[in-house]
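Subject: Model for your bench notes

Hello,

Here is the structure I said I would pass on. My notes on its packing come after it.

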Amino acid sequence: MRSYRTLFRTPEFSPFLLSFAAFAAAQTIGGLALATLVFRATGSPLLSAVSMFGPQLAQLLGGAFLLSGSDRLPPRAVLSGLALAFAAGTAVLALPGLPVWAVFGVVLGQGLVASLGGGVRGGLLNEILPKDGYVLGRSVYNMLWGLTQMAGFAMGGVLLALLSPRTCLLLAAALYVMSALVTRLGLTARAPRSSGRPSVAATWRTNALLWSSRPRRLAYLGLWIPNGLIVGSDSLYVSYAPGAAGTLYAVGALGMLVGDMAVGRLVPPGVRPRLATPLRLLLATPYLFFVLRPGVALSAVAVTVASVGFAASLVLQERLLSLTPDDLAGQALGLHATGMAALQGIGAVLAGTLAQLTSSASAMTLMASGSVTVTLALAALGRREEGRPADLGTRPDVLPEPAATD
């Protein structure tokens with residue numbers, strides 16, 4: 001599948017995107033409003049960064065205990081329930097007088113239930129589209145995320161100039177409700193992809209299987225660590241340029257859009273695997289110059305160029321799916337989404353801590369240096385892996401016999 005026309009003629013693809021767009025818009029506007037609210041209340045770049053990206057740390061717990069539901073629960077019901085849960089939590093965050101500790105309690109709870117979202121959406125997209133349409137469909141999905149972020153952060157900046165952060169949070173809650181309605185009315189009810197009840201044991205068993213393969217491990221690490229460190233830099237926009245944070249987030253989304261469009265639509269399939277390392281290096285290198293404290297205009301150019309590198313995730317997701325059985329695709333993508341969210345949360349905490357000790361500009365440069373170092377190390381490990389026979393692990397329903405004991 002190489003054309004957008006064919007892609008959008010696929011049944012359910014459009015409502016799938018619309019429901020995600022409403023959810024993403026709510027996250028974007030609500031996240032910027034909450035970070036602004038916390039920064040105004042505390043003056044802390046660390047707490048501001050953690051309020052926006054810290055909830056993703058809770059997805060690590062969800063990934064450890066809940067991910068088996070990605071393939072073992074009906075996707076429409078999960079996505080509708082997830083949107084309603086976020087609507088309720090965001091409405092609570094808008095309550096006046098809510099103490100900071102309660103704010104973090106709510107957003108961490110949201111992060112915990114959000115751990116199911118990435119796996120369910122990824123697995124559902126894999127069902128809606130034919131095999132040869134996944135990369136193009138995922139690129140459109142990512143482009144929509146970029147467009148929604150660009151519009152959401154720009155609109156969020158305007159709304160915050162006109163309205164209070166709490167009013168913006170209520171608008172975000174309404175968008176979550178809209179996402180739930182589109183999901184319920186636009187998608188058909190599907191049976192779970194895998195049999196069995198979701199459980200902690202099933203989650204751990206399948207996660208262990210997915211992690212048991214060295215090629216998959218390298219794909220996961222490439223998806224998680226360089227990305228997470230750069231998102232840590234992104235989390236400092238509010239403290240680096242308080243009056244222009246919305247602009248920086250918006251141009252970053254524009255760069256993501258350009259990168260996903262180029263890789264998903266223009267780059268031939270045979271060339272894509274060779275772009276993983278160059279794109280990850282592009283993601284980090286422009287941030288090295290933030291040590292010079294560029295103004296808003298130069299910062300916006302650097303952020304735009306760097307964000308093209310987020311398209312590396314398309315290349316690495318394609319590699320991950322090629323190494324994973326179809327009936328585990330949901331949990332494999334869920335583990336990716338959970339790990340990426342957790343590393344982004346860790347990146348935000350680390351960047352915020354460095355900013356407290358040094359400055360936002362210095363912290364952004366240090367995070368970028370770490371991302372470059374990790375990317376080069378993973379590239380070297382990947383070259384050593386070439387030529388070895390693939391060991392993709394043992395399927396969870398065909399476990400090895402226990403070894404005999406004396």
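Below are the notes on the nonpolar cores, one helix pair and one residue.

This is a predicted model, in which local features need pLDDT of at least 70 and side-chain atom pairs count only at pLDDT 80 or more, while totals for chains, interfaces and linings use all residues. Residues are numbered from 1 along each chain as its sequence is written, and side-chain values use heavy atoms, with hydrogens and water left out.

The largest nonpolar core (buried Ala, Val, Leu, Ile, Met, Phe, Trp, Tyr and Cys residues joined through side-chain atoms within 4.5 Å) has 61 residues, and Y237 and Y287 touch the most other members. Buried means under 20% relative accessible area with a 1.4 Å probe, protein chains only. Helix α2 (residues 13-42) gives the most to this core, nine residues; helices are DSSP runs of H or I, at least four residues, numbered from the N terminus. A second, separate core holds 26 residues, including F16 and L116.

Helices α11 (residues 214-234) and α16 (residues 312-322) have axes that come within 10 Å and cross at roughly 160°. Axes are lines fitted to C-alpha atoms over the stretch in contact, with angles from 0 to 180 degrees between N-to-C directions. The pair is therefore roughly antiparallel, a term for angles over 145 degrees. R216, Y220, G222 and L223 in α11 meet S313, L316, Q317 and L320 in α16.

N227 also lies in α11 and is buried, at 9% relative accessible area. Leaving aside neighbours within four places in sequence, N227 is in contact (heavy atoms within 4.5 Å) with L283, F310, M340 and Q344.

Regards

Key:
Buried means under 20% relative accessible area, exposed over 50%, partly exposed in between (1.4 Å probe, protein chains only). Helices (H or I, at least four residues) and strands (E, at least two) are DSSP runs, numbered from the N terminus. Angles under 35 degrees count as roughly parallel, over 145 as roughly antiparallel, 65 to 115 as roughly perpendicular and the rest as oblique.
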